[in-house]
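Work through the exercises below with the sequence and the coordinates at hand. Each task is followed by a stepwise solution.

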Amino acid sequence: MQTLEGIVTVVQEGRFLLTTDDGRTQLLVLSYAAAAEPAQLAALQRAQSRVRVACTPAPDQIGWVARRVDLLDAAA
């Protein structure tokens, strides 16, 4: 499992974009088994929160499946 860190910049339902510290943007889809809910992603985006995401490649898609989302700051 890979780990990405960055800021949640765009959210649409269970999909979100994470902008990493080096400026890359990664597309992620929240796993149905993740402890986070899609509504929580919107709050992270509004607060421009830094998060750490544990993820795996999405099968047959460009992007990642977010298995776990951890808040790195208390802004949200």
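A salt bridge here is a side-chain nitrogen of Lys or Arg within 4 Å of a carboxyl oxygen of Asp or Glu. The model is predicted, so local features need pLDDT of at least 70 and side-chain atom pairs count only at pLDDT 80 or more, while totals for chains, interfaces and linings use all residues. Residues are numbered from 1 along each chain as its sequence is written, and side-chain values use heavy atoms, with hydrogens and water left out.

**Exercise 1.** Find the acidic partner of Arg 50 and state where the two residues lie.

Solution. Step 1: the side chain of Arg 50 meets that of Asp 21 in a salt bridge, at 2.7 Å from N to O. Step 2: Asp 21 lies in the loop between S2 and S3 and Arg 50 in strand S4, 29 residues apart; strands (E, at least two residues) and helices (H or I, at least four) are DSSP runs numbered from the N terminus. Step 3: classify by relative accessible area, with buried under 20%, exposed over 50% and partly exposed in between (1.4 Å probe, protein chains only). Asp 21 is exposed because its value is 60%, whereas Arg 50, at 25%, is partly exposed.

**Exercise 2.** Extend the search to Arg 52 and to the whole structure.

Solution. Step 1: Arg 52 and Glu 5 form a salt bridge of 2.8 Å, N to O. Step 2: Arg 52 belongs to strand S4 and Glu 5 to strand S1, 47 residues apart. Step 3: Arg 52 is partly exposed at 33%, and Glu 5 is partly exposed at 29%. Step 4: the whole structure holds 5 salt bridges. Another of them joins Arg 24 to Asp 22, with the closest N and O atoms 3.1 Å apart. Step 5: salt bridges with shared partners connect Glu 5, Asp 21, Arg 50 and Arg 52 into one network.

**Exercise 3.** Describe how the strands are arranged and what packs on the sheet.

Solution. Step 1: in the order S1-S2-S3-S5-S4, 5 strands close into a barrel with mixed pairing; two strands pair if DSSP finds at least two bridges between them. Step 2: S1 (residues 2-12) and S2 (residues 15-20) run antiparallel and are joined by 6 bridges. Val 10 stands opposite Leu 17 in S2. Step 3: helix H1 (residues 38-46) packs on the sheet, touching S1, S2, S3, S4 and S5, where contact means heavy atoms within 4.5 Å. The direction of H1 makes about 90° with that of S1; axes are lines fitted to C-alpha atoms, for helices over the stretch in contact, and angles run from 0 to 180 degrees between N-to-C directions.
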